[in-house]
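Hi everyone, thanks for coming. Let's have a look at one structure together, and do stop me if a word is new to you.

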Amino acid sequence: MLISIDEAVACLRRGDLVALPTETVYGLAGLALKEDSVKKIYRLKGRPSTNPLIVHVYDQFDGENLAQFNDLAHKACKFFWPGPLTIVLPKKDCVPYSITGGGNTVALRSPSQPLFRKVLQKVDSALAAPSANPTNRTSPTQAKHVQELFGKKCPAILDGGECRHGVESTVLDLSEGEPRILRYGPITPEKIENVLERKIILPKNQEIESYEPKKSPGSFHLHYAPKTPLFIFRNWDEIRETTPSTDDLLILPEKLDLPNDLSGHFPTPLYLSQNGDLEEIARNLYNIMIEADKQGAKRILTLLPAQMNQLYLAVYDRLKRASKLPQ
Ligand code: TXA
Ligand code: MG
C-alpha cells in the first residue's frame, strides 16, 4: 500500500514500520529508540540480531544526542551530510544495544532524500532503517521492488520514485583512531581522504586495489542477487569459454555491439547504462538484476564495466558480496 508523508509519520509514531525512499536504496524504517519497532525490523527482514542497524537522523545536531562525535566526525558530517555517508561512532547510553548488535558503537546517517527528510522532521525522532529487503535478497531501488520482495508481509510504502545512487551508503568507522571504510558506496575513499586529510584504511582482502578483478577466474557464482545463477566476466573471450546458449541472458555494462559469433546467442541483452557511466551503472545495477531474474533464463552472464574509477569499488563490491550472502 502506498501512503502519504503524514500517514508515514503516523505509522512510525505508533511503532509500525514504513518503507521509505532514500537517495541510496529504499529503507525499512522504524523508531530507533523504541525496542518494539526495532524488533519488528529484525523480524521482517529475517536479520540476525547481531547485525546492527543504521540510525537515520535529520542532522548532526540530532546525531550528537546519540553518539560521541570527534573532530573527524565533525569534519565528515560538515562536508558529506546530508548524503550517502554512514559514520560509526561510540554510542551514548540512550541507544539500545538491540540496535547496535550488542556493540558499543552506533552507525549514523543523515539522508538527503527530501521525502525521508520531511518524515524525519515531522516524526522528530531518529529512525532505524536497514535496506528494505529480506536478508540475502537484492536491495530495492524502487517502491515496486519492496512490494515484490515482501509480498503479503509488505509494510506501507512511501513512494519516492527511483533512488538516485542505487547502491547503499559508504560506511566509515570513526570510532577508533584510524578512519576505516567498512563498506564501499557512493562516497569514494579518495573524497573522504581529501576532506579528512587523513589516510583511510580500506576493507581487508581487497582484491581490486588497482580496480582490477585480479583473482577472478573468469567467473563466479553469485548466490543471492538474482535467484537465477549469475556469473561475471571480464571480456568476450571469457564469455566464449562458458559455451553460451540462447538459454542464457546477457547483462552488458553499456550499449555495446556484440561480436558476430556471439550475437545469435543473446538476442535481447540488458544494459546497465547507455555509455558505461559508472554512476548510471550503480543506479541501475539492482534494478537490472531484478528484471533479469524475471526472464526465466538458465544463467545470467554479466560483463564487467571497462571504465574504472573509485565508484567501481562500490559496484564491484556489490557483485563480490553477493557471492558471500550479504545483508
Ligand atoms: O544506504 C544505506 O545505508 C541504506 C539506506 C536505507 O540508508 N541502509 C543500509 O542498511 O544499507 P543495512 O542495514 O542494509 O546495512 C548497514 C550496514 C550493515 O552492513 C551493518 O553491519 C553495518 O552497516 N553497520 C551498522 N551498524 C554498525 C556498527 N555499529 N558498526 C559497524 N557496522 C555497522
Ligand atoms: Mg542491506
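I'll talk about one histidine and then about the ligand beside it.

First, some housekeeping: this is a predicted model, where local features need pLDDT of at least 70 and side-chain atom pairs count only at pLDDT 80 or more, while totals for chains, interfaces and linings use all residues. Residues are numbered from 1 along each chain as its sequence is written, chains are lettered from A and ligands numbered from 1 in the order in which they are written, and side-chain values use heavy atoms, with hydrogens and water left out.

So, where does His56 sit? You'll find His56 in strand S3, residues 54–56 (a strand is a DSSP run of E, at least two residues, numbered from the N terminus). Is His56 buried or exposed? His56 has a relative accessible area of 2%, so it is buried (under 20% relative accessible area with a 1.4 Å probe, protein chains only).

Now the ligand. Ligand 1 has 22 residues around it, and the closest include Thr24 and His56 (a residue counts if one of its heavy atoms lies within 4 Å). A polar side-chain atom of His56 lies 2.7 Å from an oxygen atom of ligand 1, and for Thr24 the distance to a ligand oxygen atom is 2.6 Å. Thr105 instead has a polar side-chain atom 3.1 Å from a nitrogen atom of ligand 1.

Which element gives the largest share of the shell? That is S5, with four residues.

Technical notes. Buried means under 20% relative accessible area, exposed over 50%, partly exposed in between (1.4 Å probe, protein chains only). A polar contact is a pair of N or O atoms within 3.5 Å; within protein, one must be able to donate a hydrogen and the other to accept it, and residues adjacent in sequence count only if both atoms are side-chain atoms.
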